[in-house]
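Good morning. I have one structure to show today, and I will take it piece by piece. Please look at the picture first.

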Amino acid sequence: MVSPETVAASHHPILPGFYPDPSICEAHGTYYVALSSFEYAPGVPLWRSEDLLSWEPVAHALPTDAHFPAGTSEPSRGVYAPTLRYHDGRFWMITTNVHGSDGGHILVTAERIEGPWSEPVVVALEGIDPDIAWDDQNRCLVTYCSTTSDPPRIVQAEIDSATGAVLDEPRELWSGTGLLHPEAPHVIRRGQWWYLLIAEGGTERGHTVAIARGTSPRGPFVGAPHNPILSHRSLSHQVQNTGHADMIETPSGDWAMVYLGVRPRGFSPGFHVNGRETFLAGVTWREDWPHVDTEAFSIPEPQTFFSDSFDTWPLHPRWVSPGLRPEDFVAPAPGGGALVSPAGSPIGRPSLLAARARDAWWESRVTVRPGLGTAVLTVRLDDRHWCEVRADSTTVAAVTRIGDVESTLGTMAHSGGSVVLVARAVEPTTLGPDDVVVGFDADGAFTELGRIDGRYLSTEVAAGFTGRVIGVRAIDADVTVTTFGYGPTSIR
Ligand code: 6LW
């Protein structure tokens, strides 16, 4: 349900939480966005909106192991930035699984956004961040960031979109204004001009968006006199790292941009914990150059609360896993709820039924029946940075891992049967962005078993491109999850 409250899109994401590298298209008056997903399966979340302002999750573009083998990638490897387009009555999505980086880019299509998505076609080109566009003769161009070049460059080749065959030698295009990491190209048409939109400066504080134009999608392209067209570098704005954008024309002829940004908190250098998030801006045109207005939109405050009792299957698209894909280790439990198995991934990573953290301050309450297993509620940044609370049939324990150090923070007996495991992000007691608190509820009262400085579950400490997720897993034997609740909170 959409709240009547609106907030400024310049400060509030349209997709809060770890949803980076947005690519946008429109089909029959509805907008769709595709996002990076890294080690998490299923890959490439897809969201839908009727008005660009409020969004709902619909599906994933890489839903099966044939598209992206679950649980095989290192953290922040796996599925990088996608491009989503609607062309010739079909959705087209192209991305890169950088885990096996000799594998090239993956191109899939679908008539409906919900799928089925086609078997992947491999485009045997190196690099990351592929874009797909068609010229006036319907010839298909893939434009990408060449990572075998030093420094990286923006290059383009023509492909056969049915087979993925590369039809000519990759040619260098305009590669930006000289900042590091020219990447994230999108080739976009407006009137007689073709535009090459890219990101530069790296996905950290120096991130920018720059643009060039030419009369052919093959270039040559000439940079805009007012580049960068978007950056928050060296500004005091609470949204930082703005870059990696895509643009769309609305049916009424207005233009809008989606871009990523982060919301760092805590003392210098600032820590962001929920990953890179997707924001919305307006675009106006002067002399056929785009000007970005991050203040153009107010958006309904995104509704991030959910409570899942696992009474409808298949699982809601919020659920992902860094291990096996959710349907391979989660099943309906006899008598209701979800039965979570302890099966690990091919690289031995625990399978975690996880949803993204999407708020600054939040609480997650998960009712579990451990049975013969141990039920775990985890706040995860990556394999080496997490904090969790574990319940077996007699005891609850809080455990954290920060880099090479793993530590038990507290242990307590419980009265048996069902246990309500609790995790929270609350206001910091240190110079970090928040405190992460774990514990359990018994007889209506919360018992805190562990508390860590939230910076240890931040990107600035752990490194990488993802954000926090919150999930349940099982150790030793199946456990039952009766309800999984998450929501923003004012609890401090
Ligand atoms: C992505 C690149 C980027 O491929 O970060 O912010 C990389 N931009 O374009 C990982 O998301």
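How far is an oxygen atom of the ligand from an N or O atom in the side chain of Asp129? The distance is 2.4 Å. Before going on, I should say that this is a predicted model.

Let me stay with the ligand. It is surrounded by 14 residues. The closest are Asp21, Asp129, Thr203, His244 and Arg276. For two others on that list I also have a distance. The side chain of Thr203 has an N or O atom 2.8 Å from an oxygen atom of the ligand. For Arg276, a polar side-chain atom lies 2.6 Å from a ligand oxygen.

Asp129 deserves a second look. Its place is in strand 10, which runs over residues 128–134. Its phi angle is near 60°, a positive value in a residue other than glycine. So much for the ligand.

Now the chain as a whole. The domain assignment gives domain 1, covering 6–300, and domain 2, covering 306–488. Where the two touch, 44 residues of domain 1 and 43 residues of domain 2 take part in the contact. The centres of the two domains, taken over C-alpha atoms, are 31 Å apart.

How much area is buried between domain 1 and domain 2? About 3300 Å², with 54% of that coming from carbon and sulfur atoms. On the side of domain 1, the residues that lose the most area to domain 2 are Tyr40, Arg265 and Phe271. Together these three account for 20% of what that side buries.

Next, the polar side of this interface. Between domain 1 and domain 2 there are 20 residue pairs in polar contact. The salt bridges between domain 1 and domain 2 number four. In general, side chains of opposite charge can pair when their charged atoms come close. Here, Arg265 and Asp434 form a salt bridge through their side chains, at 3.9 Å from N to O.

Which strands contribute to the side of domain 1 that touches domain 2? Strand 4 (43–49) and strand 5 (56–62) each supply at least two residues. Strand 5 gives the most, with five residues. By type, the residues on that side of domain 1 divide into 23 nonpolar, 14 polar and seven charged.

Back to salt bridges, this time over the whole structure, where a search finds 31. One pair I would point out is Arg205 with Glu460, whose side chains meet at 3.5 Å, N to O. This pair links distant parts of the chain, with the two positions 255 residues apart. Arg205 is in the loop between strand 15 (193–200) and strand 16 (208–214), while Glu460 is in helix 1, residues 459–462.

Last, the backbone. Which proline follows Asp150 through a cis peptide bond? That is Pro151, and omega is near 0° for this bond. Pro151 sits in the loop between strand 11 (140–146) and strand 12 (153–159). Another cis bond runs from Asn227 to Pro228, with omega near -5°. Pro228 is in the loop between strand 17 (222–223) and strand 18 (230–231).

To recap two points: the ligand has 14 residues around it, and the interface of the two domains buries about 3300 Å². That is all I have. Thank you.

Notes: Residues are numbered from 1 along each chain as its sequence is written. This is a predicted model: local features need pLDDT of at least 70, side-chain atom pairs count only at pLDDT 80 or more; totals for chains, interfaces and linings use all residues. Side-chain values use heavy atoms; hydrogens and water are left out. Domain bounds come from an automatic or database domain assignment. Contact means heavy atoms within 4.5 Å. Buried area is the accessible area (1.4 Å probe) that two parts lose on being put together, summed over both. A polar contact is a pair of N or O atoms within 3.5 Å; within protein, one must be able to donate a hydrogen and the other to accept it, and residues adjacent in sequence count only if both atoms are side-chain atoms. Helices (H or I, at least four residues) and strands (E, at least two) are DSSP runs, numbered from the N terminus. Ala, Val, Leu, Ile, Met, Phe, Trp, Tyr, Cys and Pro count as nonpolar, Asp, Glu, Lys and Arg as charged, and the others, Gly among them, as polar. A residue is near a molecule or strand if one of its heavy atoms lies within 4 Å of it.
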